[in-house]
Amino acid sequence: MYVCGITPYDTTHLGHARTFLIFDVIARLLEATGHPVRYVQNVTDIDESILQRATRDGADWRDLGKREERAFLADMKRLGWRRPDVIAHATRELPAMFELIRKLERRHAAYALPRGLYFPVAAHRRYGELSRLSPAAMKRILARQDDAALEDPGRRDARDFALWRVVDEGPTWPSPWGRGRPGWHVECSAMIRHHLGDQIDIHGGGTDLVYPHHENEIAQSETATGRRPFVGMWLHVAAMQLDGKKMSKSDGNMVFVGETLEVTEPPALRLYLLERHYRKPFDHDEALLDRARLRIKVLDAGFGRGPVGPIGRDRLTRGAVAALEDDLDVARAVRLIESSVSRVDAKTRASLRAVARIIGIA
């Protein structure tokens with residue numbers, strides 16, 4: 001499983017936490033039901049967003065990235081996050097990127113321009129299958145990207161994307177194509193191939209990554225390796241909103257995890273963030289968060305003291321696990337646990353507590 005992680009230039013907000021907690025539960029569920037998981041998450045520690053923020057704040061881009069990554073890891077640790085087996089940093093994976101780009105060159109799927117080396121989307125016959133967007137819609141999205149100003153105007157197709165950029169300022173690295181920086185999309189494809197192989201079972205992130213990031217990952221990975229599908233199952237977590245607008249660093253409309261945990265126990269925040277289905281966006285609602293705090297207190301009283309697990313074969317446990325296995329229906333699993341935990345025998349209660357531990361609410 002590979003999850004697109006943070007670009008560390010600002011503090012972790014609830015939308016970030018929701019995304020990474022979804023994959024936390026997936027990893028826990030798979031492992032609890034007997035499926036070994038190798039979980040890789042990346043840190044995009046070199047990105048135009050970091051450079052722009054560092055310039056704005058008069059900070060060193062390396063110091064900014066390290067500081068925000070430490071803050072993110074501390075926030076997620078407080079939330080009981082199942083830490084990925086590998087946290088891969090883009091700045092440490094350049095050899096893997098070079099290897100992938102060379103494979104694309106050998107397949108005639110890369111062309112050079114004055115401002116970089118580009119992947120031609122025409123090289124991938126199935127380009128667009130994931131996002132299902134029209135070329136016009138794709139171009140509109142690309143025009144809003146942080147790196148739009150760096151694109152070479154001589155591209156064969158406006159959707160062709162950079163594998164390597166030749167840039168005049170900011171941090172650069174030597175490469176076979178001159179000093180520059182890697183394209184955003186090649187970073188994840190190379191890290192996946194390095195740590196997990198040519199094909200993986202699960203890949204995900206936020207819905208904002210479907211296009212262009214994940215669409216471009218598929219195109220370059222399948223073209224380079226000749227193997228498909230690149231990913232068996234895609235999962236995309238819908239945006240969290242504040243007053244009807246997506247929480248985002250660029251807009252500054254964020255509710256931060258660290259501040260919320262000052263007044264909220266981690267299980268209550270997990271319940272609040274996980275109960276809304278991952279494919280549905282939702283507005284931050286303090287009343288629902290207050291209710292989550294009360295519900296956790298009731299759950300704690302219902303469980304009382306006692307052992308955890310093992311996961312049993314009783315009807316209630318099977319129902320709760322089946323809910324989680326049904327496209328991660330956390331709400332149904334929690335309702336079942338809440339309605340039964342205080343009236344079952346000790347063995348079943350221990351089993352239900354094990355399921356609650358998968359969700360992280362007990």
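1. Two strands are taken as paired if DSSP finds at least two bridges between them. The model discussed here is predicted. On that criterion, strand β10 (residues 240-242) pairs with β11, the two being joined by two bridges and running antiparallel. Within this pair, glutamine 241 has lysine 246 of β11 as its bridge partner.

2. The pair of β10 and β11 belongs to an open sheet of three strands, ordered β11-β10-β12, in which the pairing is mixed. Its edge strands, β11 (245-246) and β12 (282-283), each pair on one side only. As general background, strands of a sheet pair through backbone hydrogen bonds, either parallel or antiparallel.

3. A separate point concerns strand β6 (residues 161-165). This strand is mostly covered, with five of its five residues buried. Four bridges link β6 to strand β5 (residues 116-119), and the two strands run antiparallel. One of the residues involved is leucine 117, whose bridge partner in β6 is tryptophan 164.

4. Strand β6 is also joined to strand β7 (residues 181-182), here by two bridges and again in an antiparallel arrangement. In this pairing, arginine 165 has arginine 181 of β7 as its bridge partner.

5. Helix α3 (residues 61-78) merits closer description. Its 18 residues reach 26 Å from the first C-alpha to the last, close to the 26 Å expected at 1.5 Å a residue. The buried residues of α3 are Trp61, Leu64, Gly65, Glu68, Glu69, Phe72, Leu73, Asp75 and Met76. Viewed down the helix axis, the buried residues of α3 fall within an arc of 160°, and therefore line one face of the helix. The general background is that an α-helix has 3.6 residues a turn, so residues three or four places apart point the same way.

6. Which exposed residues does the face of α3 turned away from its buried side carry? They are Arg70 and Lys77. As for the buried side, the elements that cover the buried residues of α3 include α1 (14-32), β2 (40-43), α2 (48-57), β3 (86-89) and α8 (257-260). Both helices and strands are thus listed in that cover.

7. The two ends of α3 may be noted together. At the N-terminal end, aspartate 60 acts as a cap: one of its side-chain oxygens lies 2.8 Å from the backbone nitrogen of arginine 62. Beyond the other end, α3 is followed by glycine 80, which has a positive phi, near 75°.

Conventions: Residues numbered from 1 in each chain as written. Predicted model: local features only at pLDDT ≥ 70, side-chain atom pairs only at ≥ 80, totals over all residues. Heavy atoms only, no water. Buried < 20%, exposed > 50% of the residue type's maximum accessible area, 1.4 Å probe, protein only. Expected span 1.5 Å × (residues − 1). Arc of directions from axis to C-beta. Contact = heavy atoms within 4.5 Å. Polar contact = N/O pair within 3.5 Å; in protein donor to acceptor, adjacent residues only side chain to side chain.
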